[in-house]
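Visitor: Got a minute to walk me through this one? I'd like to start with the sheet, then look at the helices and the ligand.

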Amino acid sequence: MSTLANSSNIFWHECPVGKTERHKLLNQKGCVVWITGLSGSGKSTLACSLSRELHSRGKLSYVLDGDNLRHGLNKGLGFSAEDRTENIRRVGEVAKLFADAGLICIASLISPYGKDRDACRAMLADANFIEVFMNMSLSLCESRDAKGLYKLARAGKIKGFTGIDDPYEPPLNCEIEIQEKDGVCPTPSAMAGQVVSYLEDKGFLQDQ
Ligand SMILES: Nc1ncnc2c1ncn2[C@@H]1O[C@H](COP(=O)(O)OS(=O)(=O)O)[C@@H](OP(=O)(O)O)[C@H]1O
Ligand SMILES: Nc1ncnc2c1ncn2[C@@H]1O[C@H](COP(=O)(O)OP(=O)(O)O)[C@@H](O)[C@H]1O
């Protein structure tokens with residue numbers, strides 16, 4: 001019998017301490033803030049600024065950053081469509097656990113494919129998945145080139161780089177869009193403020 005067949009003999013074990021109790025303890029509601037956008041669009045900057053702002057308000061959050069997770073949980077995954085799908089799936093599952101724990105989980109990954117993001121959305125109650133689109137032009141992202149990767153991609157030294165020779169599918173159904181105006185991007189604290197306002201309006205920053 002294969003290992004896969006054995007995996008059907010597993011059962012869900014319910015724990016007596018539930019989500020509502022955790023929410024009460026933390027005075028907040030768990031959710032996933034999923035930040036998607038091109039490399040250099042400001043995903044990590046927003047994630048950190050948002051986490052800092054929430055912390056200063058006494059709210060517990062945790063950042064799952066694509067780049068960082070590729071050093072551990074997702075070590076060994078590359079950038080083929082299949083590997084990106086598996087990367088997003090794993091982070092979606094981890095983010096779901098953090099949200100269930102009562103945290104405001106901030107996931108920042110390029111997550112270029114709509115179907116992969118939608119699969120993560122489907123793991124949670126719809127309202128608990130807040131998709132934030134960093135709607136920055138390729139030219140702005142490329143001009144930043146903080147890690148020199150666009151330069152390498154343009155020179156053909158990195159193949160399959162998102163936005164250059166690999167696709168990015170903009171969200172069709174995002175909750176929040178962060179946009180540049182006339183080539184100018186909002187400050188990190190203004191971007192974080194936009195997300196905090198949304199979380200506040202939707203009642204995530206209190207337990208009921
Ligand atoms: N081919 C290619 N395409 C895109 N990005 C690349 C590539 N190779 C390396 N990098 C670096 O990996 C970071 C993106 O990792 P993610 O896990 O967020 O990517 S994905 O969601 O699986 O598409 C990305 O980080 P960010 O710049 O923070 O987005 C890059 O630093
Ligand atoms: N709102 C912003 N205003 C000014 N510079 C920014 C802003 N957001 C990001 N940056 C800068 O752009 C570069 C890329 O940002 P980063 O957050 O690393 O993007 P990503 O995580 O999407 O790759 C960094 O040097 C960062 O300091």
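**Sheet, helices, ligand**

Guide: Strands β1 (residues 31–36) and β4 (residues 129–135) run parallel and are joined by five bridges. Keep in mind that this is a predicted model.

Visitor: Which residue stands opposite V33 in β4?

Guide: I130 does.

Visitor: And the whole sheet, what's the strand order?

Guide: β2-β3-β1-β4-β5. The sheet is open, with five strands in parallel pairing.

Visitor: Why do β2 and β5 each have one side without a neighbour in the sheet?

Guide: They stand at the edges, β2 at 61–65 and β5 at 176–179. Each has a single partner strand, so one side stays free of a neighbour in the sheet.

Visitor: How are neighbouring strands turned against each other?

Guide: By 20 degrees on average, direction ignored.

Visitor: Which strands does α9 touch?

Guide: β1, β4 and β5. The direction of α9 makes about 165 degrees with that of β5.

Visitor: Switching to helices. At what angle do α3 and α9 pack?

Guide: About 65 degrees, with the axes 8 Å apart. The crossing is right-handed. On α3 (residues 43–56), the contact residues are T45, L46, S49, L50 and E53. On α9 (residues 188–201), they include M191, A192, V195 and V196.

Visitor: What classes of residue make that contact of α3 with α9?

Guide: Seven nonpolar, three polar and one charged.

Visitor: Now ligand 2. Which residues come nearest?

Guide: G42, K43, S44, T45 and A146, out of 15 around ligand 2.

Visitor: Which element gives the most to that shell?

Guide: α3, with three residues. α9 also supplies at least two. By class, the shell around ligand 2 has five nonpolar, eight polar and two charged residues.

Conventions. Residues are numbered from 1 along each chain as its sequence is written. Chains are lettered from A and ligands numbered from 1 in the order in which they are written. This is a predicted model: local features need pLDDT of at least 70, side-chain atom pairs count only at pLDDT 80 or more; totals for chains, interfaces and linings use all residues. Axes are lines fitted to C-alpha atoms, for helices over the stretch in contact, and angles run from 0 to 180 degrees between N-to-C directions. Helices (H or I, at least four residues) and strands (E, at least two) are DSSP runs, numbered from the N terminus. A crossing is left-handed if the near helix is turned anticlockwise from the far one by less than a right angle, and right-handed if clockwise. Two residues are in contact if their C-beta atoms, placed from the backbone, lie within 7 Å. Ala, Val, Leu, Ile, Met, Phe, Trp, Tyr, Cys and Pro count as nonpolar, Asp, Glu, Lys and Arg as charged, and the others, Gly among them, as polar. A residue is near a molecule or strand if its C-beta atom, placed from the backbone, lies within 6 Å of it. Two strands pair if DSSP finds at least two bridges between them.
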